[in-house]
Amino acid sequence: MARHTVITAAALAASAALLLTACGGGDDSSSDDIKGADKGSSSPSASASGTASGNSPDLSLPKDFELVFDFDKPSDAKHAAALTDAQNYIRALKHGIAQQDPDDPAYQFYSGAQATQYAKSQIEAWVKGSWTITGTDKYYDDNVTTLSDGKGVLVTFCRNQAKSYSKEIKTKKILRTEENLDSYQTFRLLMIPPSSSSKVWKTGNIEVIGKAKECRR
């Protein structure tokens, strides 16, 4: 069940500071860079961007990879748009991994500030390891919170990457791992409202917390 609440400006500012502190390194966050544990990918299913215009980037992914977002659509239009583009940021990051392109335009379209550097560093790690993505990556238990003044949105959700794997590009060998506490993560995305020239909510900051017991089910 999704929860959609309001938080104060001070609380969200504190969250932003936490994200900047926790994620500055990018490619060493949690199990996102563990060989054999997939860093996710995005499914080209359904309309990839409910908020972007016709010039939105390609978010297609390999046929042997499925990205699942088990989210409840918020009744609030602003929350719904922010949640959709939070998903698109994840999709775009995974598209960059599949394309083996650290400068892929997709994640740049849906991000800014620290989140752009995070995505780039994640993709670089996969390129360096000569791995791509396969399997099923699941995200669920979304929570959308907004500033009391309406100027920012914090999106959080859980991830289960137990069935999401790395695959060696040259040998096609799948690096399987057994499900364990490292399979579960909590994501926190600070979403920036659209500018006058864009309809896209961009991810400004991202924090990934590993060994998330609260996500185990």
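The following exchange goes through some of the terms applied to this predicted model and sets each value against its cut-off.

Reader: How do you know what the secondary structure of the protein chain comes to, and in which order do the elements run?
Author: The secondary structure comes to four helices and eight strands, and from the N terminus on the elements run β-α-β-α-α-α-β-β-β-β-β-β. Buried residues make up 53% of the 217 residues in the protein chain, and residues 24 or more positions apart account for 74% of the contacts with a separation of 6 or more.

Reader: Why is strand 7 called mostly covered?
Author: A residue counts as buried under 20% relative accessible area, and in strand 7, which spans residues 184–192, eight of the nine residues are buried.

Reader: What makes strand 7 a partner of strand 4, and what makes it a partner of strand 8?
Author: Two strands are said to pair if at least two bridges are found between them. Strand 4 (residues 153–160) and strand 7 are joined in the antiparallel sense over eight bridges, and strand 7 and strand 8 (residues 202–210) likewise pair in the antiparallel sense over eight bridges, so both pairings meet the requirement of at least two. As single examples, Arg159 has Gln185 of strand 7 as its bridge partner, while Arg188 stands opposite Glu207 in strand 8.

Reader: Why is the aromatic pair of Phe71 and Phe157 called tilted?
Author: The count of aromatic pairs comes to eight, and in the pair of Phe71 and Phe157 the ring centres are 5.3 Å apart with 45 degrees between the planes. Ring centres must lie within 6.5 Å, and planes under 30 degrees apart would be stacked and those over 60 edge-to-face, so a pair with 45 degrees falls to the remaining class, tilted. This pair links distant parts of the chain, with Phe71 in the loop between strand 2 (65–70) and helix 2 (77–99) and Phe157 in strand 4, 86 residues apart. Both Phe71 and Phe157 are buried.

Reader: What makes the pair of Phe109 and Tyr110 edge-to-face?
Author: Here the centres are 4.8 Å apart and the planes stand at 75 degrees, and because an angle over 60 counts as edge-to-face, the pair receives that name. Tyr110 has 0% relative accessibility, and therefore counts as buried.

Reader: Which residues do ring pairs link into a cluster?
Author: The cluster consists of Phe69, Phe71, Tyr139, Phe157 and Phe187, linked by ring pairs.

Reader: How do you know that Arg176 lies over the face of Tyr165?
Author: Arg176 is at 5.1 Å from the ring centre of Tyr165 and lies over its face; the distance limit for such an arrangement is 6 Å, so the value of 5.1 Å satisfies it.

Reader: Why is Ser121 called buried, whereas Ser60 is called partly exposed?
Author: Ser121, in helix 4 (residues 113–129), has a relative accessible area of 10%, which is under 20% and therefore buried. Ser60, in the loop between helix 1 (9–23) and strand 2, has a relative accessible area of 30%, which lies between 20% and 50%, so Ser60 is partly exposed.

Reader: What makes the approach of each serine side chain a polar contact?
Author: A polar contact needs a pair of N or O atoms within 3.5 Å. The side chain of Ser121 reaches the backbone oxygen of Tyr118 at 2.8 Å, and the side chain of Ser60 makes a polar contact with the side chain of Asp58 at 2.9 Å, so both distances lie within the limit.

Reader: Why does Thr132 count as buried, and with which residues is it in contact?
Author: Thr132, in strand 3 (residues 131–147), has 12% relative accessibility, and because this is under 20% it counts as buried. Leaving aside neighbours within four places in sequence, Thr132 is in contact with Ile97, Ala98, Trp126, Tyr165, Ser166, Lys167 and Ile169.

Reader: Why is Gln100 called partly exposed and Ala113 exposed?
Author: Gln100 has 24% relative accessibility, between 20% and 50%, and so counts as partly exposed, whereas Ala113 has a relative accessible area of 56%, which is over 50% and therefore exposed. Gln100 lies in the loop between helix 2 and helix 3 (105–109), and Ala113 has its place in helix 4. Phi is near 55 degrees in Gln100 and near 55 degrees in Ala113, in each case a positive value in a residue other than glycine.

Notes:
Residues numbered from 1 in each chain as written. Predicted model: local features only at pLDDT ≥ 70, side-chain atom pairs only at ≥ 80, totals over all residues. Heavy atoms only, no water. Helix = DSSP H or I, 4+ residues; strand = E, 2+ residues; numbered from the N terminus. Buried < 20%, exposed > 50% of the residue type's maximum accessible area, 1.4 Å probe, protein only. Contact = heavy atoms within 4.5 Å. Phe/Tyr/Trp six-rings, centres within 6.5 Å; stacked < 30°, edge-to-face > 60°. Lys NZ or Arg CZ within 6 Å of the ring centre and 35° of its normal. Polar contact = N/O pair within 3.5 Å; in protein donor to acceptor, adjacent residues only side chain to side chain.
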